[in-house]
Amino acid sequence: MTDWDHWIEYLVDGTSVQLVRPSDTDRPSWAAYEETRYLGTVHGQFDLDGRWHVQSLNESHLNLDDAVRALRRPASWAADRERVHRWARGILRDPHLLALDIQTTGLHTAWAVQIGVTDRQGNTLLDELVNPLADITPEARSLHGITDRRLSTAPTFSTLIPDLASVMDGRRCIVFNAGFDRGVLQREAHRHYQDPARAEAWLRQCTWEDAMAPYAAWKGQWSARHRAYRYQPLGGTYDAVANCRRLLTTMHLMC
């Protein structure tokens, strides 16, 4: 990074930002401008921890793009973050809260290969491999490591429906990217019941809460292209129960 110029035109989310290094220093520090608007100053601590430090926010980021996204936050971010704080605190107060995660055959028309459910303390309520009656894509297998051979003797979703119903009935369910996981369960329920109305009734046995958008607002990485907070990965492993526990830890952080 030492060969970076004193003036740089840089694109973040399709929108240009100008980075200007003060003439009286050779340190890796740049003032960031968007058109004529001053955003703030970033420092590249490449010799220390490889991060970009944002002076005005007292934050550090793994890359320059995220540092610029932090500088682009709207004025409403403090209020948005406070709303997320109240939402997460209310969710965690619910004694009937569940966390749910599903590992799947892939990203498109996906079927479940592992379902994990914990209570709000992270205690395991359900941890089951599922025979999807379908092939696992190489991409999905490389992530979660679940093979067709391991699933050949696993129960099908239809077999697990009574156990799932007893765990989920009447509960509030927190999920990261609930649209995807709920969609997987919807697909599985449709295949089992062969009746969309019965499948939807089964899905409505619990209340669904999605943590993905609140977490994006809490992190505050603003996308100029979409004029919205940029979705953030939850991180962690590709194990369903471990992901439930990581989600609960993240919820506590947002509190």
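This text describes one helix pair and two pockets in a predicted model.

The helix pair consists of α5, spanning residues 157-168, and α6, spanning residues 178-193. Their axes lie 11 Å apart and meet at an angle of about 120°. That angle is over 115° but not over 145°, so α5 is oblique to α6. The crossing of α5 past α6 is left-handed. On the α5 side, the contact is formed by Phe157, Ser158, Ile161 and Met168. Helix α6 contributes Leu185, Glu188, Ala189, His192 and Tyr193. By class, six residues of this contact are nonpolar, two are polar and one is charged.

Helix α6 also takes part in the largest pocket, where it is one of the elements that give two or more residues to the lining. The others are strand β7 (97-104) and helix α3 (138-144). This pocket has a volume of about 680 Å³, and 24 residues line it. Nearest its centre lie Ile102, Gln103, Leu107, Phe180 and Tyr238. The lining comprises ten nonpolar, eleven polar and three charged residues.

The second largest pocket has a volume of about 420 Å³. Its lining is made up of 17 residues, and those closest to the centre are Ser60, His61, Lys219, Gln221 and Gln232. Two or more lining residues come from each of β6 (59-61), α2 (77-93) and α8 (212-219). In this second pocket the lining divides into six nonpolar, four polar and seven charged residues, whereas the lining of the largest pocket has three charged residues.

Methods. Residues numbered from 1 in each chain as written. Predicted model: local features only at pLDDT ≥ 70, side-chain atom pairs only at ≥ 80, totals over all residues. Heavy atoms only, no water. Axes fitted to C-alpha atoms, helices over the stretch in contact; angles between N-to-C directions. Helix = DSSP H or I, 4+ residues; strand = E, 2+ residues; numbered from the N terminus. Parallel < 35°, antiparallel > 145°, perpendicular 65-115°, else oblique. Left-handed = near helix turned anticlockwise from the far one by under 90°. Contact = heavy atoms within 4.5 Å. Nonpolar A, V, L, I, M, F, W, Y, C, P; charged D, E, K, R; others polar. 1 Å grid on protein atoms, 1.4 Å probe; cavity = no way out; pocket = protein on both sides within 12 Å on 5 of 7 lines; lining within 4 Å. Points joined across faces, edges and corners; volume = space filled by probe spheres on them.
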